[in-house]
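Please open the model in your viewer and keep the selection tool at hand. The tour goes from the whole chain to one sheet and then to one loop residue.

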Amino acid sequence: MLDRPPQLSKPSRRLPNQRWQIHLQKTELAQKLADATNFSPIVSQLLINRGIETPEQAQAFLEPETLNLPSPLTEFPDLTVSVELLQEAIASQSKIAICGDYDADGMTSTALLLRSLRSLGAQVDYAIPSRMHEGYGINKRIVEEFHSEGVKLILTVDNGISAFEPIARAKELGLKVIITDHHDIPQKLPPADAILNPKLIAESSPYRGVAGVGVAYILAVSLAQKLDKTKGLIQPMLALFTLGTIADLAPLSGVNRRWVKRGLKLLPKSQLPGVQALIQVAGVQATGTEEQRKNVLLSTPHSPLPTPKSLKPEDIGFRLGPRINAVGRIGDPLTVIELLTTDDEGIALERAMQCEQANTSRQQMCEEIEQQAIAYVESQFLSTLQQDRVLVVVQPGWHHGVIGIVASRLVERYGVPVFIGTYEDEEHIRGSARSIPEFHVFEALEYCHDLLGKYGGHKAAGGFSLPTQNLQVLRSRLCEFANQCLQLQHLKPLLQIDAQANFNQINQELYQQLNTLHPCGIDNPDPIFWTPNVQVVEQQIVGKGHIKVTLSQTINAQQYQFKAIAWRWRDYYPLPPRLDIAYKLRENNFNGNTSLELELLGVRLAQKQLEPLNQLQLFYSHSPKPLRTTFKHNQRQYTCGVYENNSLPELRIKNSDGKVLVMQPGSTIGLLGTSREDALEIDLSLPQYDSIIQAAMQALSVLNVES
């Protein structure tokens with residue numbers, strides 16, 4: 001009967017392919033903390049999720065200015081030597097040269113030290129290696145060029161800790177070298193005169209998590225204090241520190257949390273023309289009315305800007321940072337250095353507009369490459385993705401300055417580690433990698449070291465190059481590594497959720513309490529909530545493939561509604577009528593009206609509708625024999641059974657006309673047809689299909705109990 005049913009193709013995905021990991025809810029502890037802090041139990045649970053379980057810990061976290069920080073001079077062994085070397089160079093007017101990097105951290109670090117050293121009387125210049133032709137970090141060419149220009153002291157920022165040979169060459173030439181970096185420590189340190197790196201200090205130190213710009217900030221402040229010239233220096237440096245720290249995704253804990261919190265308040269009223277110009281062209285206005293945003297975009301360089309009381313990390317992470325990073329990816333870093341070091345408002349606005357143009361080009365480039373990459377993956381690798389457990393995507397003509405961004409989007413889409421590359425010439429490939437939590441990129445690259453040229457990175461991301469002839473062997477080796485560390489259940493993007501919140505609990509009071517957790521970022525993520533069984537009232541596609549939706553939840557016969565946005569979710573439109581949702585809370589200010597909205601991060605079929613799917617998995621796992629039975633529904637006779645398809649259970653229901661309805665766990669889309677050729681995709685949440693599935697599961701449930 002159903003022993004040899006038609007083999008229907010696997011249904012396409014209609015909802016995000018995600019794993020939801022909901023924090024363990026410690027209800028009693030949350031209530032106890034709520035009573036002690038006057039926060040709601042929901043916010044108390046958020047603190048518990050971040051390792052904060054006592055009122056004392058809560059105060060230290062929420063009010064970082066109350067902490068007593070140790071002097072960085074006692075934490076960084078070479079900081080005193082570094083300050084002395086710079087002090088001597090300033091006193092003797094010896095030429096200092098900074099070697100920076102082309103990402104936001106490296107460029108803000110370079111600008112920070114340029115501004116501070118010049119204001120302290122130093123003769124200082126800088127160089128940044130070419131992303132296109134030289135790659136990351138100081139090199140021998142830069143060292144020898146510095147020497148020929150009469151440089152006596154080299155200062156690296158956000159690089160240098162692994163540059164043994166270039167630093168050794170500098171020492172051969174008689175140059176002094178200070179390395180400031182935050183990357184992982186190699187087995188052999190370069191022979192520099194001083195090395196400042198938070199990875200070399202105690203893990204318990206509040207300075208441990210600073211990025212490259214944090215090390216530069218500590219050095220600059222320490223030098224200014226030694227020279228007793230801090231007046232007018234701290235606030236501009238703090239603005240640059242804040243930009244670089246957030247853009248580099250540094251953890252917002254320890255001194256980073258303390259200083260970034262200060263910096264976010266200072267940025268809107270910063271005296272740096274470049275920061276104001278960047279805020280202006282990006283349209284960042286935390287005061288937020290549409291009229292103000294229009295005024296900002298139409299204003300002249302000398303027009304007073306309506307400045308907010310404070311920015312939020314997402315203003316930098318999604319608005320200011322990308323405009324800085326875009327230049328480093330596809331343009332000339334000189335643009336950003338001039339933007340952040342000039343005191344001329346006209347030059348600042350001109351450079352900010354160049355950043356804007358670079359960012360627009362970067363967005364277009366990313367969109368084009370992403371679509372090409374998706375088409376390539378769908379045609380070549382989709383059918384073997386579960387077997388391969390990693391994607392290696394290499395195509396000609398892609399700009400390697402942006403392929404890392406595309407890699408992140410492919411990870412989000414397919415839920416597997418992604419290694420993406422492009423041809424530098426016929427013989428060489430250069431690429432970037434992005435990962436999922438269970439896959440260590442740097443270890444994977446080390447596993448393939450004999451096939452690669454240069455490579456580096458950490459757990460979540462990396463870069464690499466290789467001879468073109470090694471591509472196929474690299475793909476096989478990476479698949480081998482992925483199969484050693486990844487299980488099938490890992491091949492879905494992980495969404496970590498803080499707590500449940502029903503719509504009647506979401507109000508301005510809760511939102512204001514959430515604001516006390518800011519600044520949010522790495523190690524203190526934006527809170528993510530989930531709400532079960534909400535109804536989709538309205539939905540439409542807006543902008544470049546976003547879904548705008550109105551959601552409703554009924555509680556005690558009362559209806560509560562919220563507007564929501566789901567970015568770049570065109571593929572999932574239309575959403576099913578009943579959902580569990582995961583989201584962040586956002587405040588919308590429009591025409592002077594303030595309202596709360598939801599930013600959707602994940603959805604799944606409502607729990608009630610998932611019950612038969614979960615039962616199906618359970619039956620398949622525990623049944624001692626194949627499950628096959630017959631049942632009646634609406635006066636018609638059906639046969640049904642649970643079968644295996646690619647190691648997954650599959651429910652098949654067949655009617656008297658020979659049509660088969662197929663469903664699998666985790667999918668809201670089923671197939672209906674008599675053969676592979678005529679099978680149609682159908683929405684399993686629709687009542688006509690949901691009711692027959694419920695009837696089949698009931699029949700199988702009786703059979704399972706009897707067996």
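Two residues are said to be in contact when heavy atoms of theirs lie within 4.5 Å. On that basis, among the contacts in the protein with a separation of 6 or more, 65% are made by residues 24 or more positions apart. Please keep in mind that this is a predicted model.

Begin with the whole protein selected and coloured by secondary structure, where you will find 23 helices and 24 strands. Of its 707 residues, 53% count as buried, and if you then switch on the surface, the accessible area comes to about 32,100 Å², with 48% of it belonging to carbon and sulfur atoms.

Next, select the open sheet of six strands, which has the order S19-S20-S21-S22-S23-S24 and antiparallel pairing. Its edges are strand S19 (628–633) and strand S24 (680–683), each of which pairs on one side only. Looking across the sheet, the twist from one strand to the next averages 30°.

Within this sheet, narrow the selection to residues 648–654, strand S21, and residues 660–663, strand S22, which run antiparallel and are joined by four bridges. Here lysine 654 stands opposite valine 660 in S22.

Finally, move to histidine 518, which you will find in the loop between helix H21 (508–515) and strand S14 (529–542). Is histidine 518 buried or exposed? With a relative accessible area of 13%, histidine 518 is buried, because the cut-off for that class is under 20%. Show the residues around histidine 518 as sticks: beyond its neighbours within four places in sequence, its contacts are Arg257, Lys261, Lys312, Pro313, Glu314 and Asp526.

Terms used. Residues numbered from 1 in each chain as written. Predicted model: local features only at pLDDT ≥ 70, side-chain atom pairs only at ≥ 80, totals over all residues. Heavy atoms only, no water. Helix = DSSP H or I, 4+ residues; strand = E, 2+ residues; numbered from the N terminus. Buried < 20%, exposed > 50% of the residue type's maximum accessible area, 1.4 Å probe, protein only. Areas by Shrake-Rupley, 256 points an atom, 1.4 Å probe, with all protein chains shown as cover. Pairing = 2+ DSSP bridges. Axes fitted to C-alpha atoms, helices over the stretch in contact; angles between N-to-C directions.
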